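Subject: A structure to look through

Dear colleague,

I am passing on the structure below, and after it I set out what was found. Please keep it open while you read.

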Amino acid sequence: MPRPSQLLHPARLPAPTRAAATVLLLRDTPGGLEVLMTRRSSKASFVPGAYVFPGGGIDAADACCHALAQRRATQSAPALTQAIAAIRESFEELGVLLARHADGRWATQAEIDAMDRQGDFGAQCAARGLTLAASDMHVLARWITDRDSPKRFDVGFLVARVPPGQTPVADETEQFEPVWVRPGDALARHQAGSFFMIFPTIITLQRLQDLATVDAVLQACAVSEEPLWTSCPRTGLLAGREQRHTEHESAYGELALVCPDGQIAHPLDWQSEQPVPLLKNVLRLTAPNPGAMTGPGTNSYLVGDPDTGYIAIDPGPADDEHLEKLWRAAGGDIRLIVCTHSHPDHAPGARPLQAMCHAVPPILGLASKDTARANSVFVPDRVLKDGEILVLGKTSIAARAPLLQDVPALVGGPPSGRWLSDTHHTLQVIHTPGHAANHLCLVLLEDGLLFSGDHILNGSTTVVDPPDGDMSDYLNSLDLLHEACTEYQLKYLLPAHGYVIGGPDDEAQAAIARLKAHRLQREAKVMAAMQAQPDGTPDDWLALVYADVPQRMWPVAKRSLMAHVARIKTLNWNG
């Protein structure tokens, strides 16, 4: 994890959450799947006036009703309590009761009308011989209120088919205007400004749109007792306006790094005019070279502080304005320049940047191999070794040089002592061939960060272009980085293109695992195409393997396809 001393915003403790439950009551109609929603009171303390699903806080009494409920064998006690709370809330707020008699008959409208919605729920159901249909309810999602909110809930979103013969009637205290609505119609009305909904409701309805029937929803949720997704959104600023992001979105990891306690302070706009602080000791300046291959542009990073000077990682293309901004962001005090690899959007700026510095910093990296393309020839001032340590520390003005040490790869986690102090910034080199033969990544040991170059990108998969690129090397390097996450407690990946990836738990490792799985799935498609068309050409296979990719990207995809083909042939030959 990043050192507290390097965080941009003071740590704060988010408000505690209260356990709650809500239920999406569903029905099939000739026009499609509909969900029951209701409008919250305009005087409510939480999201007044919003259209929501019935629900509320879990009460202590809900856990006392287990004997009144029918449950699945796999339904845990907490899950049962949650389902009971959702059943109680739908009854209290809308008069819909998911309960049956011993013979399987649902509670009738007349029975519901005779009950006191504010009375003892469990006692009233027991008096009428009703069993709560908790086994008919499945968990769809889990939403946790944003960390910046002063009032927070941890809410299970459950789904159930509405019992037949029951008519929802709002309590006219907490809820008003019950309405059956198709998910797509609710979203359209919200967009038009006539149906206000909050973020979790919107995202939930968006995901429901892909499921056409109640059975489809219930079957999707019945696969396991776990929610289909869990989210505690994070909010950043885009064009000066707040914008929420969920865990699967590309900006989420960056917000987790920069604003870990939910502070709404980080701009997410891509721009090349000024550096973006990620930590006190890490700045990112994006080169003005956006495109299909570079995304928003190539990220140049500065690691260090005014007391230690800076290491520049990937100065980018030889763009004079970009390099001057990078130099100025470092106060002219650049001690080292490191290139993760020799591709033309990463390394050409190294020599011009070096020439701008009064105390000439050495250019470090791995020399390009003879397999590199002509525009990717790179010769560093000094070749880095796998496992080498680069240390920036407080030095005298006369010395103005970083500490360089040649050491073997460390074992057993980050080094101790001065490498973990607040006065040093320590980078360790990991050789990661695959995207390019001379590719390397850098670990900022004190803060658990990995500068991943082009090996791991945010928003796309990297191209592996033979002969300098090698798919087997690429996959092996992914394994190496996955292991490094454990060994060095790496939580965040800082790619050369796109936002930061990761989070405080195992998100970085999970991202690497997903990337490898994606590559192997693509490789399985390549193998299937080769088997289906043994006499086919790479262009024939390309159409089968990358049918899900826009055709304008096929020339680029063909390079990775050829890398997969070479790997498959090697595996078959060796096998």
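A charge counts as sitting over a ring if NZ of Lys or CZ of Arg is within 6 Å of the ring centre and within 35 degrees of the ring normal. In this predicted model, arginine 100 lies over the face of tryptophan 106, at 4.0 Å from the ring centre, and arginine 519 lies over the face of tyrosine 474, at 5.1 Å from the ring centre.

Rings also meet other rings, and a search of the whole structure finds seven aromatic pairs. One of them joins phenylalanine 53 and phenylalanine 157 edge-to-face, with 6.1 Å from centre to centre and 85° between the planes. Phenylalanine 53 belongs to the loop between β3 and β4, whereas phenylalanine 157 is in strand β8, 104 residues apart, and the pair thus links distant parts of the chain. Phenylalanine 53 is buried, with a relative accessible area of 4%, and phenylalanine 157 is buried too, at 7%.

Please look next at helix α8, which spans residues 320-329 and in which His322, Leu323 and Leu326 are buried. These residues lie on the same side of α8, because they cover an arc of only 95° around the axis. They pack against β14, β15 and α9, while the face turned away from the buried side carries the exposed residues Asp320, Glu321 and Arg328. At the N-terminal end, aspartate 319 caps α8, with a side-chain oxygen 3.2 Å from the backbone nitrogen of glutamate 321, and just after the helix glycine 331 takes a positive phi of about 60°.

With best wishes

Definitions and conventions
Residues numbered from 1 in each chain as written. Predicted model: local features only at pLDDT ≥ 70, side-chain atom pairs only at ≥ 80, totals over all residues. Heavy atoms only, no water. Buried < 20%, exposed > 50% of the residue type's maximum accessible area, 1.4 Å probe, protein only. Helix = DSSP H or I, 4+ residues; strand = E, 2+ residues; numbered from the N terminus. Arc of directions from axis to C-beta. Contact = heavy atoms within 4.5 Å. Polar contact = N/O pair within 3.5 Å; in protein donor to acceptor, adjacent residues only side chain to side chain. Phe/Tyr/Trp six-rings, centres within 6.5 Å; stacked < 30°, edge-to-face > 60°.
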